[in-house]
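These are my notebook entries on a structure that I am reading for the first time. I record what I looked up, entry by entry.

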Amino acid sequence: MKKIGLAIVYFLAAIVYLQADMLTLFLNQNATDNLFQTAFSESDHVSSLGFSLDKDLGGVTLFAEGSLSYLYENPDLTYTILDLGLDHVWVVGETSGLYLSLTGRGAFYRSEFSDFNYGALNAYGAFKSYLTPTSILKADYALTLRDYRWSQFDYVSQSLNVTMDKFFQSRTTLKAGLGWGFKYYPHPFDEGDVQTFGEDSDLDIDQSMGQGMGQGMGRGKPAGSDSLSPVLPQASGETGGQGIQTLALSALVAQGLGDHIGVQVTGLKQWPLSGENPFMYVWEFYMVENPFYDRFSWAGHELGAQVTLLLPADIQAKLGYGFSQKEFPGVEVMDDEGNATGVGREDTRHHWQVRFSRDFHRFSLMLTYNFVNNGSNDPLFDWQGNYLALGIEWNLFLGEKQ
């Protein structure tokens, strides 16, 4: 934690030295009754404090971001994320633009979960062009290299997305997209490497579960259970890496209804082209990054609807609903003893959200409530959860740009 504190001090010193054009500070207070998103609910509160800054260096922008998230009931999962990067925008002709950015990231957990520490390098490029005054073509490419302390989590991912937006005088917007992604785990998952997070690793599964850690470090059981089955990589016996390739189609229809109401409907369908997840279990965390669950871990579809309202006093309200059905290639349902059943995991999720926000120019206030009902053929992942977040964000203009 001392190293993390020093890193934050260095970032703040950089703010003063560079005289950033804009500094943003935020504080979020979160509460949930199902932190680990499993059948064994556990309540916790998460406080997140962070900043972001931008500095124009004559055509190239330097940006930095940092956040510290503290978990009150599970303090060993407290973590810090620091980003530092450069970006630039080029105008191409009269109707097009090109954006490029390069970002370095570091994530740091306390010693008990330091195997989840990682360093990352992210390269991103986007091209945008107005084909007509009412249609926009967008294409973007992202490359991520992530190096974890526990090397079997290491991966390299690429994604390429192309979207087309069409606007109509009736305040209707149509959007269609095609996305490709590839994620590669460079290290083998052979028999000799398979271990629990308690043998040669810093992660002690019995200790973490004794603290109520129902997810991520072991097969979920109530706190204090003596019957535990650890998370293991798939024992493939291969000597090379393992990759996952996906293809996705997306669509959006948005409609403005007067000056105070807007509605939108979204849909996404994703297919696996090759490969499967190398982990036996795929876990989600609330407010915590992890290498198990991301866009590459599932196949299926998502549907969503949202209504945006502009209320009196310039309060913006958003009411949303999401539905998804997902399969997890390579991930099998486990019995109570942690043995594979030969049945692939399938989840069906309903997600409701209510969000209120108010922008006061110099600062903004946000209040968000989420309710998630996740049904699964794996009893461990058949769960419900409530999530409440209150946030405040300050914008401080320090340079000449306003």
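Is R349 buried or exposed? I looked up its accessibility before anything else. R349 counts as buried, at 16% relative accessibility. I note here that the model is a predicted one.

**Entry: the chain as a whole**

I then turned to the overall make-up. The chain has 402 residues, and 42% of them count as buried. Its secondary structure comes to 2 helices and 16 strands. I also looked up the contacts with a separation of 6 or more, and 60% of them are between residues 24 or more positions apart. The exposed area of the chain is about 19800 Å², of which carbon and sulfur atoms supply 60%.

**Entry: R349 and its partners**

I returned to R349 to see what it pairs with. R349 forms a salt bridge with E284, and the closest N and O atoms are 2.5 Å apart. The pair ties together parts that are 65 residues apart in sequence, because R349 lies in strand β14 (residues 340–359) and E284 in the loop between β11 and β12 (299–311). E284 is buried as well, with a relative accessible area of 14%.

Which other side chain makes a polar contact with R349? I found N374, whose side chain is joined to that of R349 by a polar contact of 2.8 Å. N374 belongs to strand β15 and is buried, at 2% relative accessibility. The side chain of N374 also makes a polar contact of 3.1 Å with the side chain of D347. Setting aside neighbours within four places in sequence, I list the contacts of N374 as D347, T348, R349, F381, D382 and W383.

**Entry: further salt bridges**

How many salt bridges does a search of the whole structure find? The search gives 7. I looked at two more of them in detail.

One is between D83 and R105, with the closest N and O atoms 2.7 Å apart. This pair links distant parts of the chain, for D83 is in strand β4 (residues 79–92) and R105 in strand β5 (residues 96–109), 22 residues apart. D83 counts as buried at 7% relative accessibility, whereas R105 is partly exposed at 24%.

The other is between D259 and R171, where the closest N and O atoms are 3.2 Å apart. Here both partners are in loops: D259 in the one between β10 (242–257) and β11 (261–274), and R171 in the one between β8 (155–167) and β9 (172–185), 88 residues apart. D259 is exposed, with a relative accessible area of 62%, and R171 is partly exposed, at 44%.

**Entry: a buried charge without a salt bridge**

I next looked up D44, found in strand β2 (residues 44–56). Side chains of opposite charge can pair when their charged atoms come close. How far from D44 is the nearest side chain of opposite charge? That side chain is R110, 11 Å away, and D44 is buried yet has no salt bridge. A salt bridge needs a nitrogen within 4 Å of a carboxyl oxygen, so I see why R110 does not serve as a partner for D44.

What does the side chain of D44 reach instead? I found the backbone nitrogen of Y72, at 3.2 Å. Not counting residues up to four places away in sequence, D44 touches N30, A31, T32, L35, L71, Y72, E73 and N74.

**Entry: L98**

L98 is in strand β5, and I recorded it as partly exposed, with a relative accessible area of 29%. The C-alpha atoms of L98 and G125 are separated by 7.4 Å, although the two residues are 27 residues apart along the chain. Leaving out residues up to four places away, L98 touches H88, V89, W90, V92, A126 and F127.

**Entry: the surface**

Last, I looked up a nonpolar patch on the surface. Which residues form the patch? They are L311, F356, L367, Y369, L388 and L390, with about 490 Å² of accessible area together. Strands β15 (363–376) and β16 (383–397) each supply at least two residues of this patch. L390, one of the patch residues, lies in strand β16.

Notes: Residues numbered from 1 in each chain as written. Predicted model: local features only at pLDDT ≥ 70, side-chain atom pairs only at ≥ 80, totals over all residues. Heavy atoms only, no water. Helix = DSSP H or I, 4+ residues; strand = E, 2+ residues; numbered from the N terminus. Buried < 20%, exposed > 50% of the residue type's maximum accessible area, 1.4 Å probe, protein only. Lys, Arg positive; Asp, Glu negative; His and termini not counted. Polar contact = N/O pair within 3.5 Å; in protein donor to acceptor, adjacent residues only side chain to side chain. Contact = heavy atoms within 4.5 Å. Patch = residues over 30% accessible without salt bridge, like charges linked within 9 Å, V, L, I, M, F, W, Y side chains within 5 Å. Areas by Shrake-Rupley, 256 points an atom, 1.4 Å probe, with all protein chains shown as cover.
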